[in-house]
Amino acid sequence: MKLTGGQIVVETLVRERVPYIVGIPGHGTLGLSDALIGQERVRALQVRHEQAAVHLADGYYRVSGTPLAVFTSIGPGAMNTVIGVASCYVDSIPVLVLTGNSHTHMAGRGVLQEIERKRDADSLAVFEPIAKRTWRPTGVGRLPRILQRAFAEMLTGRRGPVVVDLPMDVQCDSTEVEPATPHTYRPTGPVLPDPGLIASAGALLDGAKRPVIVAGGGVIAARAWDELRALAEFLGAPVVTTMMGKGAFPEDHPLSLFHGGSKGTTCGNAITAQADVLLAVGMRFADETTSSYRHGVTYAIPPTRLIHLDLDPTEIGKNYPVEVGIVADARAGLAALVEWLGEDSRPRRYHHSKYFELIQLLREDWLAQVRELAESEHTPVTISRLVAELRAFLDRDAIVVTSSGNTQAQWFQEAMVYEPKTNLSTGGFSTMGWTVPAALGAKLAAPERQVVGLVGDGDFLMTAQELATAVQYDIPAVYVVANNVGWIAIRDLQAAVYGEERSVGAEFLKGRAPITPDLAALARAFGCHAERISAPDEVRPALERAFAAGGPAVVEVLVERTYPLSGSPAVGWWDVPVPEYMGERRERYECERAEER
């Protein structure tokens, strides 16, 4: 079969069962774009910004487990994907990014939009630190194998984005191709754990008096939630999750102690700090999860003995010393632990133990704090009350998408999530502008389920143009925009660490008065159902109308912006340096910093 480079790309996507290719065409991808004409097996979706194309693909993968392709032109189009690619890289999300570039015979001449002052057609240098792998085929004959390797790379091991840079002539030249099926070039099956290490870890857990399991995004990625629950119930071990792991364990389960770290919960931090044996699965001990490594706040390793199970060997022992380090797929590793324990032990009758009593006391104390926040009758409505109203309204399996700031932190801390893949959020890159397009991807992946983007006004305005995409393709995602007129999470951080009088550059002000666009009117201009509310009792009726509208909808909620009602009480600790001229605040920071191990 003789195919052009563009046709080879399309044929590969078909064989990999990729349903959408998302992007913006340009002169650098004319050959690829033309190959999509008449193609019904792969649907091309337009967006209004290339960054949004990657975020949409990100959201789609997190729900469906199927990667999408993104295509961009040469130069600015390719560079506009960088934030999306970096976000996927940090959160280990696969996406195939196809960028246009100069013809092979014109490279280095400085053609329109070429980056070439250090090396010819050098845009891939920008992607080097943020893509799992990059390629630039110098001839169409190399393209089939490169695409096969690209899919194998992004979908095996620790997953992540890949970039294939397509010279314009490579897209248009043709070659004889023998199409290959994915199983012939991609390994299948999980990475299995070492049996001896499983035995060592199992013995530690079996002998533990205060075992704790911490579940990260690797549990979600490996679909290991059943094995996680089986192990927790066998041991009577409480489960704490990271932000990426939220939903891996049902949070109405009595063994759930929610989260630890600086954005965590009092119960999560207390139980992990007291653990004698800690099993960490599919997580990397990042600074927010660990309270910036301050000893005893979230973790006390040592004396806590750590078992770290992760697919990526570079994460094991990176931030904490391990007693047992196991390189394996999370599902395979957890299943092996359950099997090993079941051979010689019986499940613990944990409901009658002193440890379980402690778990329940810690859990109820935190939930009482959340209930108090959730019952606020303050107008404008607080974000805590908004979160409570939204959670009460939504179905158990509704998908909620958050990006950054107070809305992300407070949904994470205060809302219960019951099922896997229903909490979608940027993790380590904390990318603003992610929610609007990612929610579109989530809705495309799960059209039968409720999908809500919970987002602040600053975040929303970064990618609000994608409401046009939602309307164009009739994607009925609902957005709840908490409008507090600024980057209020940053202002609150300034107030908490430096003092309330030292807020700078984080509020939207005209002179001294807050200024905001009418975001509901903006959404209506795009063709969405939209309304603006501000009182607690207005939230549920507005949500009912938004979902009844049957199309893209925006509920703009004017929320309380006065510190500290603008957020919720911080727990844990986060290392935010204080200038030396701040005297007592600096001295207190240095004392806290000294407690890090």
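**Two six-stranded sheets, a pocket and some backbone oddities**

One open sheet in this predicted model has six strands, ordered β3-β2-β4-β5-β7-β6 and paired in parallel. At its edges sit β3 (43-46) and β6 (133-135), each of which pairs on one side only. Going across the sheet, neighbouring strands are turned against each other by 20 degrees on average, with direction ignored. Helix α7 (residues 143-155) packs on this sheet and touches β5 (96-101), β6 and β7 (162-167). The direction of α7 makes about 165 degrees with that of β7. Over at the β3 edge, the partner is strand β2 (residues 20-23), and the two pair in the parallel sense over four bridges. One of the residues involved is Ile 21, whose bridge partner in β3 is Ala 44.

A further open sheet of six strands turns up later in the chain, and its order reads β16-β15-β17-β18-β22-β21, again with parallel pairing. Here the edge strands are β16 (423-425) and β21, each pairing on one side only. The twist from one strand to the next averages 15 degrees. Within this sheet, strand β15 (residues 399-402) runs parallel to strand β17 (residues 451-456), and three bridges join them. Val 401 has Gly 453 of β17 as its bridge partner.

At the β21 edge, strand β21 (residues 529-533) is paired with strand β22 (residues 553-558) through five bridges, in the parallel sense. Arg 532 finds its bridge partner in Glu 556 of β22. The route between these strands goes by way of helix α22 (residues 539-548), and β21, α22 and β22 together make a right-handed β-α-β unit. Another helix, α21 (residues 519-526), lies across β18 (478-483), β21 and β22. Relative to β21, α21 runs at about 175 degrees.

Now for the empty space. The second largest pocket has a volume of about 260 Å³. Its lining counts 16 residues, and the closest to the pocket centre are Val 370, Arg 391, Glu 414, Ala 415 and Met 416. Three helices, α14 (354-374), α15 (383-393) and α16 (405-414), are the elements that give two or more residues to this lining. By residue class, the lining of the second largest pocket splits into 11 nonpolar, two polar and three charged residues.

The backbone has a few quirks, too. The loop between α14 and α15, two of the helices that contribute to the pocket lining, holds Pro 380. The peptide bond from Thr 379 to Pro 380 is cis, with omega near 5 degrees. A cis bond is also found from Tyr 563 to Pro 564, where omega is likewise near 5 degrees. Pro 564 belongs to the loop between β22 and α23 (584-593).

Positive phi values in residues other than glycine come up as well. Tyr 293 has phi near 65 degrees and lies in the loop between β12 (277-281) and β13 (305-310). Ser 430, which is not a glycine either, shows a positive phi of about 45 degrees. The loop that carries Ser 430 sits between β16 and α17 (435-445), with β16 being one of the edge strands of its sheet.

Notes
Residues numbered from 1 in each chain as written. Predicted model: local features only at pLDDT ≥ 70, side-chain atom pairs only at ≥ 80, totals over all residues. Heavy atoms only, no water. 1 Å grid on protein atoms, 1.4 Å probe; cavity = no way out; pocket = protein on both sides within 12 Å on 5 of 7 lines; lining within 4 Å. Points joined across faces, edges and corners; volume = space filled by probe spheres on them. Nonpolar A, V, L, I, M, F, W, Y, C, P; charged D, E, K, R; others polar. Pairing = 2+ DSSP bridges. Right-handed = clockwise from strand over helix to strand, strands pointing away. Axes fitted to C-alpha atoms, helices over the stretch in contact; angles between N-to-C directions. Contact = heavy atoms within 4.5 Å.
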